[in-house]
Amino acid sequence: MSAPSTAFVELAALANSSLQSARPLPAQADATPYWSGIGFSLLGLQFVSPMGEISEMLEVPSCTHLPGVYPWVKGVANVRGRLLPILDMAEFFGGQLRAQRKQHRILILDNSEIYAGLWVDQVFGMQHFPVDDTLKAMPEYVPASIRPFITGGYQNENPWFVFSPMVLLQDKRFIDAAS
């Protein structure tokens, strides 16, 4: 036998020996799929918005009041050279912000049509929920004014309601902010 064919036989024997002594792969556990969103509080409730609907979060900037708008329109702020309308979501829904001002945050909506800042009580960052832990029914304590903008929910220790800013942007009352 020639040297190259001997090397091949030796490699084949080594491969066969490795296969026979190899341990099997660990059993694959079923991975639980998760839904992720940006968590925030408003009106004493916990909400989460889909990741693609919130473009940024920031502290409440100083803003300039606008005449002739509803009271929930707090004004406009200059954010990196762009005028950002600041909208108090608690007041829009008939309530008031509850957290201390230093906890208040702005959730920025930025799509091809709308650039707006939603003023909320507090932002909790990314939240992850197993897709099987959906909320079965809407609790009665959720204000009627906010229900049309809730597209679902997840049951953790407390319920988290899925709030859709895209549904909010289709609301005529929200878009027509002038009084």
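Let's begin at Glu 53, which sits in the loop between β2 and β3 (56–59). Keep in mind as we go that this is a predicted model. Glu 53 is a charged residue that is buried, yet it has no salt bridge. Where is the nearest side chain of opposite charge? That is Arg 173, and it is 16 Å away. A salt bridge would need the charged atoms within 4 Å. What Glu 53 does have is a polar link to the backbone: its side chain reaches the backbone nitrogen of Met 166 at 3.1 Å. Setting aside neighbours within four places in sequence, Glu 53 is in contact with Ile 108, Leu 109, Ser 164, Pro 165 and Met 166.

Now step back along the chain to Ser 49, found in strand β2 (residues 45–50). Is Ser 49 buried or exposed? Its relative accessibility is 0%, so Ser 49 counts as buried. Like Glu 53, it uses its side chain to reach the backbone: Ser 49 meets the backbone oxygen of Phe 163 at 2.8 Å. Its contacts, again leaving out neighbours within four places in sequence, are Trp 35, Gly 37, Ile 38, Phe 40, Ile 54, Phe 163 and Pro 165. Pro 165 therefore appears in the contact lists of both residues, since contact means heavy atoms within 4.5 Å.

From here we can look at the nonpolar interior. In soluble globular proteins, nonpolar side chains tend to be buried together. In this model, the largest nonpolar core has 42 residues, and those touching the most other members are Leu 42, Phe 47, Met 89, Phe 93, Ile 146, Leu 168 and Phe 174. Which elements supply at least two residues each? They are β1 (34–42), β2, β4 (73–79), β5 (82–88), α2 (89–92), β6 (105–110), β7 (115–120) and β10 (159–163). Strand β7 gives the most, with five residues.

For a closer view of this core, pick out Leu 168. Beyond its neighbours within four places in sequence, Leu 168 is in contact with Met 89, Phe 92, Phe 93, Leu 118, Phe 149, Phe 163 and Phe 174. Apart from this core lies another one, of five residues, including Phe 129, Tyr 154, Trp 160 and Val 162.

Our last stop is Met 126, in strand β8 (residues 122–130). Met 126 counts as partly exposed because its relative accessibility is 45%. Not counting residues up to four places away in sequence, Met 126 touches Ser 36, Gly 37, Ile 38 and Met 51. Gly 37 and Ile 38 may look familiar: they are also among the contacts of Ser 49.

Methods: Residues are numbered from 1 along each chain as its sequence is written. This is a predicted model: local features need pLDDT of at least 70, side-chain atom pairs count only at pLDDT 80 or more; totals for chains, interfaces and linings use all residues. Side-chain values use heavy atoms; hydrogens and water are left out. Helices (H or I, at least four residues) and strands (E, at least two) are DSSP runs, numbered from the N terminus. Buried means under 20% relative accessible area, exposed over 50%, partly exposed in between (1.4 Å probe, protein chains only). A polar contact is a pair of N or O atoms within 3.5 Å; within protein, one must be able to donate a hydrogen and the other to accept it, and residues adjacent in sequence count only if both atoms are side-chain atoms. Lys and Arg count as positive and Asp and Glu as negative; His and the chain ends are not counted. A nonpolar core is a set of buried Ala, Val, Leu, Ile, Met, Phe, Trp, Tyr and Cys residues joined through side-chain atoms within 4.5 Å.
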